[in-house]
Amino acid sequence: LNFRPGHKESLDRALQSEESAVRWLNDLLDVQHRGLNAISFAIACLTLAGVLGWAMYTAYGLAAMPFDWIRGKQTPSEQRHDVETSIASIRDRYRSIQSRYSAREDGSLDLSRMKAADRRELSRLQREHKNLMQHNYRLQEVEQRAGTCIPQLLRCLIPFRLLIGTVMMSLSLLVVFSLLLTLVDRW
């Protein structure tokens, strides 16, 4: 309690009499302020959790970002081309399964004559087709927004991607080795 502001009574004086021990215990438990310390403790715990999360994600960023810059990634148009190729192959597989079975008079597929494995495959292909179409729409939106300032700036940095990644990797390794040397030095 000596280090808390406004508290001058130490444990040595508190143990001299029963009355001073009760007063010291009441002061320790902060019975007059009714929860101010509990609220302060809860805020401190939340702050600690936030700082730990921030430190972990910063550490991950220092380790992963150089690899992302060195490896590079596809542009949205390249990703869209891959998605459209996947959609075309799904449609081909869907048509090949449909061609094995005859259609009804109204043109729809007769599922009662179809094998269970083919029905499952058709439903899986439909789900995959739907997911790829949604992804394709999102990529189209990204391509439309690509005219803004930041993507243009990042596009200008593409030729220097390997150099930037190497510099970032060396900075990350410098941090790791300096922490390691500090740890070894103190040990």
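How much space lies in the largest pocket? The largest pocket holds about 820 Å³ of space. This value, like the others below, was computed from a predicted model.

## Overall fold

The protein has seven helices and zero strands. Read along the sequence, its pattern is α-α-α-α-α-α-α. The chain has 187 residues, and 16% of them count as buried.

## The largest pocket

Rolling a probe the size of a water molecule over the atoms shows where empty space is left. In this model, the lining of the largest pocket is made up of 21 residues. Those that lie nearest the centre of the pocket are Lys-73, Gln-74, Pro-76, Leu-154 and Ile-158.

Several helices contribute to the lining. Helix H3 (36-71), helix H4 (76-99), helix H5 (116-145) and helix H6 (149-156) each supply at least two residues. By chemical type, the lining residues of the largest pocket divide into eight nonpolar, five polar and eight charged.

## Salt bridges

Side chains of opposite charge can pair when their charged atoms come close. The structure holds six salt bridges. Three of the pairs are set out in the table, with the distance between the N and O atoms.

| Salt bridge | Distance, N to O | Helix | Separation along the chain |
|---|---|---|---|
| Arg-80 and Glu-84 | 3.3 Å | H4 | four residues |
| Asp-92 and Arg-95 | 3.7 Å | H4 | three residues |
| Glu-121 and Arg-124 | 2.7 Å | H5 | three residues |

Helix H4 holds both Arg-80 and Glu-84, and their separation of four residues is about one turn of the helix. Arg-80 has a relative accessibility of 22%, so it counts as partly exposed. Its partner Glu-84 is also partly exposed, at 35% relative accessibility.

Asp-92 and Arg-95 lie in helix H4 as well, and their spacing of three residues again comes to about one turn. Asp-92 counts as partly exposed because its relative accessibility is 48%, and the limit for exposed is over 50%.

In helix H5, Glu-121 and Arg-124 are three residues apart, so about one helical turn separates them. Glu-121 is partly exposed, with a relative accessible area of 26%. Arg-124 counts as partly exposed too, at 30% relative accessibility. These two residues also belong to a network of salt bridges that links Glu-121, Arg-124 and Glu-128.

## A buried residue in helix H5

Is Leu-125 buried or exposed? Leu-125 has a relative accessibility of 0%, so it counts as buried; the cut-off for buried is under 20%. Leu-125 is found in helix H5. Its C-alpha atom is 6.4 Å from that of Ile-90, although the two residues are 35 residues apart along the chain.

## A nonpolar patch on the surface

Which residues form a nonpolar patch on the surface? The patch consists of Leu-173, Val-176, Phe-177, Leu-180, Leu-183 and Val-184. Together these residues have about 570 Å² of accessible area.

One of them, Leu-173, lies in helix H7, which covers residues 161-186. With a relative accessible area of 40%, Leu-173 is partly exposed. A residue must have over 30% relative accessible area to be part of a patch, so Leu-173, at 40%, meets that condition.

Definitions and conventions. Residues are numbered from 1 along each chain as its sequence is written. This is a predicted model: local features need pLDDT of at least 70, side-chain atom pairs count only at pLDDT 80 or more; totals for chains, interfaces and linings use all residues. Side-chain values use heavy atoms; hydrogens and water are left out. Patches are made of residues with over 30% relative accessible area and no salt bridge: like charges are joined within 9 Å, nonpolar side chains (Val, Leu, Ile, Met, Phe, Trp, Tyr) within 5 Å. Accessible areas come from the Shrake-Rupley method with a 1.4 Å probe; for residues, only the protein chains shown count as cover. A salt bridge is a side-chain nitrogen of Lys or Arg within 4 Å of a carboxyl oxygen of Asp or Glu. Buried means under 20% relative accessible area, exposed over 50%, partly exposed in between (1.4 Å probe, protein chains only). On a 1 Å grid over the protein atoms alone, a cavity is a set of points where a 1.4 Å probe fits but cannot get out, and a pocket is an open set with protein on both sides within 12 Å along at least five of seven lines; lining residues have an atom within 4 Å of a point. Grid points are joined across faces, edges and corners, and a volume is the space filled by probe spheres set on the points. Ala, Val, Leu, Ile, Met, Phe, Trp, Tyr, Cys and Pro count as nonpolar, Asp, Glu, Lys and Arg as charged, and the others, Gly among them, as polar.
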